[in-house]
Amino acid sequence: MTDRSDNVNNSSTITSTITVGDQSALMALLGRADENLRYIERRFPGVDLHVRGDTITLTGINGAPRAAERLVKELLALIENGENVDPDIIRRTENMLKSAPGERPVDVLTQNIVSKRGKAIRPKTIGQKRYVEAIDNNTIVFGIGPAGTGKTYLAMAKAVQALQAKEISRIILTRPAVEAGERLGFLPGTLFEKIDPYLRPLYDALHDMIDPGSIPKLMESGTIEVAPLAFMRGRTLNDAFIILDEAQNTTPEQMKMFLTRLGFGSKIVVTGDVTQVDLPGGTTSGLRVVRDILEGVEDVHFATLRAEDVVRHQLVSDIVNAYEKWDAAKDGHRAPAGKGHRGNRGHRDHQ
């Protein structure tokens, strides 16, 4: 691939050309019926983009052609690494280039965590990449952010990766059964039937990462344990990767109880969304206060994921943004969760 840039007509009009030697890569970039090309043009309305032979020409004013050129080059790099490019990947790549100019989207979108039947689980945003790196580099990590940001899913993938690499001997997945007040005896059915509705999302994620046929054996042997938070009391969890999901529904006392289960050779990831607390009125969320409590504690990291890290339908990200704006307008001076806190010895993300 080669490129050339010239100034034409006047100092503010720029033309860039990119020559793509591989025709299959060029076709992959253009997409089916040129849908990718049309999508890029919509993202850069001030840029004229033309393809002739193996050459892509971009013309526009000011910095728009440069931004479009960098996007196209990143997309070609992704294609060279075997990635399928579609409008969703284009949007994510452009967002990464805007939010973190020093990062290469190709380094994010090709970073495999675990693979199953040819499908790789990997970060899809800069925020997710930093979250995954924080899990590698810290013993306790808090992943805080709205729905769809991959907080629990990526933590599960890291747990499976650690198990496969024999870095730990078991995975423990837990979440509070807050809807029942954790008084499971009041629910009908067997113990498994009582807890299953609260833990089902964790099972579903496991099925994406491990052969479903092997999960019952792994659970029977204790290699994988899925249990309500109440079952963690009084235990010391050694040589384990422990994930607490929906942590916004813990009380401060429950959060302390859980964190002090940490044993030797273990790692903890706590995930939650402080805007989705289901605790009874007047009850303080343990996730909301834990950041202040653990401020400055070494080897504890708080990763904040935001609307731009949502990996569901684009509309989900738009909905999250709209609610954040509504909350800010309603509460006046209230800052979004995670703002107003200083980093502790380089262990804090601000994304």
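Contact here means heavy atoms within 4.5 Å. Helices are DSSP runs of H or I with at least four residues, strands are DSSP runs of E with at least two, and both are numbered from the N terminus. Axes are lines fitted to C-alpha atoms, for helices over the stretch in contact, and angles run from 0 to 180 degrees between N-to-C directions.

Two words on the source. This is a predicted model, where local features need pLDDT of at least 70, side-chain atom pairs count only at pLDDT 80 or more, and totals for chains, interfaces and linings use all residues. Residues are numbered from 1 along each chain as its sequence is written, and side-chain values use heavy atoms, with hydrogens and water left out.

Start with the sheet. It is open, has 6 strands, and pairs in parallel. The order is β9-β8-β10-β11-β7-β12. Pairing requires that DSSP finds at least two bridges between two strands. In general, strands of a sheet pair through backbone hydrogen bonds, either parallel or antiparallel.

Which strands stand at the edges? β9, residues 224–228, and β12, residues 300–304. Each has a single partner strand, so one side of each is left without a neighbour in the sheet. On average, neighbouring strands of this sheet are turned by 15 degrees against each other, direction ignored.

Look at the β12 end. Strand β7, residues 140–144, runs parallel to β12, and 5 bridges join them. Val141 stands opposite His301 in β12.

Now the helices on the sheet. Helix α10, residues 252–259, lies across β7, β8 (170–175), β10 and β11. Its angle to β11 is about 155 degrees. Helix α6, residues 126–137, lies across β7, β10 (240–244), β11 (267–272) and β12. For α6, the angle to β11 is about 150 degrees.

Both helices also have helix partners. Take α10 with helix α11, residues 286–293. They pack at about 60 degrees, axes 8 Å apart. The crossing is right-handed. A crossing is right-handed if the near helix is turned clockwise from the far one by less than a right angle, and left-handed if anticlockwise. From α10 come Pro252, Met255 and Leu259; from α11, Gly286, Leu287, Val289 and Val290. By class, this contact has 6 nonpolar, 1 polar and no charged residues. For the classes, Ala, Val, Leu, Ile, Met, Phe, Trp, Tyr, Cys and Pro are nonpolar, Asp, Glu, Lys and Arg are charged, and the others, Gly among them, are polar.

Next, α6 with helix α7, residues 151–164. Their axes come within 11 Å and cross at roughly 40 degrees. That makes α6 oblique to α7. The cut-offs: under 35 degrees is roughly parallel, over 145 roughly antiparallel, 65 to 115 roughly perpendicular, and the rest oblique. α6 passes α7 in a right-handed crossing. Gln128, Tyr131, Val132, Ile135 and Asp136 of α6 meet Lys151, Leu154, Ala155 and Lys158 of α7. The split is 5 nonpolar, 1 polar and 3 charged.

Third pair: helix α3, residues 64–80, and helix α4, residues 87–99. Axes come within 10 Å and cross at roughly 125 degrees. So α3 is oblique to α4. This crossing, too, is right-handed. On the α3 side we have Arg70, Leu71, Glu74, Leu75 and Leu78; on the α4 side, Ile89, Ile90, Thr93, Glu94 and Leu97. That contact divides into 6 nonpolar, 1 polar and 3 charged.

Stay on α3. How many residues apart are Lys73 and Glu69? They lie 4 apart in helix α3, about one turn. Their side chains meet in a salt bridge, 3.1 Å from N to O. The criterion is a side-chain nitrogen of Lys or Arg within 4 Å of a carboxyl oxygen of Asp or Glu. A search of the whole structure finds 16 salt bridges.

Last stop, Gly46. This residue is in the loop between α2 (35–43) and β3 (47–52). Leaving out residues up to four places away in sequence, Gly46 touches Thr59, Gly60 and Ile61. Gly46 and Ala64 are 18 residues apart in sequence, and 6.8 Å apart in space, C-alpha to C-alpha.
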